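This report goes through selected local features of one protein chain. The topics are helix packing, an enclosed helix, cysteines, backbone angles and contacts between distant parts of the sequence.

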Amino acid sequence: MFSKKKPFSSPITFHLAAGTSLLIVAIFLYCGLFAIPSADDYAYASLIHKGKTFWDAQIDSYIGWSGRYTATLLITWFGSSFLDYYWLVPWITICSLLAAIYLCFWTVFYSLRHERFFYLFPICFFAVFLSSSHAGHGVGVINGGFFWLAGAVTYQIGAVFFYLAISTFIWMARGKYSITNFILTLLFLLLSIGSNETLMLLNLFSVFALSWFYRRQFQIKFIFIILAAIIGCAVVFFAPGNSVRSGTAEGGHLFSALGICAEKTVQLYAFSLLNPLLWLLVVLYRENIDRMLSLITGHVSLRTFFLFMTGLIYTLYFPVAWALNSGAPNRLISFIAFFCTFASIFIIRKLLDLVSSRISLHKLVPILFILTILLFTSTLEPLYVAIKTIPTGKQIHSAHIMRNSYVRQMAQKGAKTVTVKAIKHNKLLLFNDLDSKVHTLAYSQYFGVRSVSVEQ
């Protein structure tokens, strides 16, 4: 165990860490000012531009493509009205997710609210999560999950609804503003279920798990929430469009999917456990993490908790592994990796006890700092790319705005085909440029021309 001197626990250290974390979040928000729409953003926005009403677009998507009613609604609504204010995508996503994490953290660990620096932990954890590479996917995770409208709404905004649903359910079960929290739980639950199939399963499982956990405080409201979850899942699962969408994938191989889930779960844990910045976070907040572990192990054993978290991560991979016979795309990694990063802090905390028996924290911390610097471009690629984007983001954004204006002007002049110059791709700001027929077609339809070609 650690010495009674409690090194690195002064208020200055914690406030410096919190200030650095806020700076990291601010860097991503600044870069978000120059985010650029692409790919499915234009496709969803074009659903309404084709002369259909907003609700016609929802029905067509449900029947012909996907049961993700929440994601479809929010993407088409934003795409048809606010695509010129695309910076709102990363800003709303980052800020709302951070707020939802704070609420969920405060709710679950409410009894620890008087612990020193309790409220600083979520912002530091969130900054590490944003900065880190996950399962070898690097900056693409943050790009697809936070800076791209379709990915952000489907996964991160869906996650926001999930964390809010969990929080309001717990407060309802505790008897706090029971009716209000019951209504909010129903609302957030249905919104989260309609975001994607992974969240659909997670919400259904969570409702049953929470109902069992609070069985001694059982309320008839639990039954209505469970029924709402089942109905919401049925609406997503039995959507006619799912058969159309699944026809474009080569999935359905059970044993292959199980193997993929195992491989990707190991990769996620490996990148988290080998991340020196995450180790520094655990060193700093080891006392808070100990309190959190004590609260968790007051209900389940430590082994059960670790097995549960690993099983959860494995299961969250399964829908996409089954459907696509491949690993999860970056935008889904941005959701699953959050749970892995959270679980890893407790694993690292236990490993820290083993390491500290051989090397003191005063020696370990400088080593971790050096490793963080040496491995910066690999373990912290999102932050590395964000920092590099600061001086160039405005120029890249302006180039895309000028290209869009040019295509729009040519469309107004009656041009059917337009040729534009290639723009250097930024891996944080732009999900996908005009490099495939599908994306080029959606882009062309949105601006009212038959085709757009890129001159290299």
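The model is predicted.

**Helix pairs**

In one pair, helix 5 (residues 88-108) and helix 6 (residues 121-131), the axes come within 10 Å and cross at roughly 135°. That angle makes helix 5 oblique to helix 6. The handedness of this crossing is right-handed. On the helix 5 side the contact involves Ile94, Leu97, Leu98, Ile101, Tyr102 and Phe105, and on the helix 6 side Phe121, Pro122, Ile123, Phe126 and Leu130. Sorted by class, these are 11 nonpolar residues, with no polar and no charged ones.

In another pair, helix 14 (residues 276-284) and helix 18 (residues 361-374), the axes come within 8 Å and cross at roughly 150°. An angle over 145 degrees counts as roughly antiparallel, and helix 14 and helix 18 are therefore roughly antiparallel to each other. Helix 14 passes helix 18 in a left-handed crossing. Helix 14 contributes Pro276, Leu277, Trp279, Leu280 and Val283 to the contact, while helix 18 contributes Leu361, Val365, Leu368, Phe369, Leu371 and Thr372. By class, this contact has 10 nonpolar residues, one polar and no charged.

**Helix 7 and what surrounds it**

How many of the residues of helix 7 are buried? Nine of the nine are, so helix 7 is largely enclosed by the rest of the structure. The buried residues are Val139, Gly140, Val141, Ile142, Asn143, Gly144, Gly145, Phe146 and Phe147. The elements that cover them include helix 1 (11-32), helix 5, helix 6, helix 8, helix 17 (330-356) and helix 20 (381-389).

Two of these helix 7 residues, Asn143 and Phe147, are also in contact with Leu429. Leu429 lies in the loop between strand 1 (417-421) and helix 22 (437-447). Its relative accessible area is 0%, so Leu429 is buried. Along the sequence Leu429 and Asn143 are 286 residues apart, yet their C-alpha atoms are 6.6 Å apart in space. Leaving aside neighbours within four places in sequence, the contacts of Leu429 also include Cys31, Phe34, Ala35, Ile36, Thr389, Gly393 and Ile396.

**Helix 21**

Met410 lies in helix 21 (residues 393-412). With a relative accessibility of 22%, Met410 counts as partly exposed. Met410 and Gly448 are 38 residues apart along the chain, and their C-alpha atoms are separated by 9.3 Å. Apart from neighbours within four places in sequence, Met410 is in contact with Ala415 and Val418.

**Cysteines**

A disulfide is a covalent bond between the sulfur atoms of two cysteines. The structure holds zero disulfides. Why is Cys124 not bonded to Cys95? Cys95 has the closest cysteine sulfur to that of Cys124, but the distance is 17 Å, which is too far for a bond. Cys233 is likewise in no disulfide, and the nearest cysteine sulfur, in Cys261, is 19 Å away. Cys124 counts as buried, at 3% relative accessibility. Cys233 also counts as buried, at 8%.

**Positive phi angles**

Most residues other than glycine have a negative phi. Ala135, which is not a glycine, has a positive phi near 55°. Ala135 is found in the loop between helix 6 and helix 7 (139-147). Tyr177 has a positive phi of about 45° and is not a glycine either. Tyr177 sits in the loop between helix 8 (149-173) and helix 9 (178-193).

Is each of these two residues buried or exposed? Ala135 is buried, whereas Tyr177 is exposed. The table sets out the accessibility of these two residues beside that of others discussed above.

| Residue | Relative accessible area | Class |
|---|---|---|
| Cys124 | 3% | buried |
| Cys233 | 8% | buried |
| Ala135 | 6% | buried |
| Tyr177 | 69% | exposed |
| Leu429 | 0% | buried |
| Met410 | 22% | partly exposed |

Methods
Residues numbered from 1 in each chain as written. Predicted model: local features only at pLDDT ≥ 70, side-chain atom pairs only at ≥ 80, totals over all residues. Heavy atoms only, no water. Axes fitted to C-alpha atoms, helices over the stretch in contact; angles between N-to-C directions. Helix = DSSP H or I, 4+ residues; strand = E, 2+ residues; numbered from the N terminus. Parallel < 35°, antiparallel > 145°, perpendicular 65-115°, else oblique. Left-handed = near helix turned anticlockwise from the far one by under 90°. Contact = heavy atoms within 4.5 Å. Nonpolar A, V, L, I, M, F, W, Y, C, P; charged D, E, K, R; others polar. Disulfide = S-S within 2.5 Å. Buried < 20%, exposed > 50% of the residue type's maximum accessible area, 1.4 Å probe, protein only.
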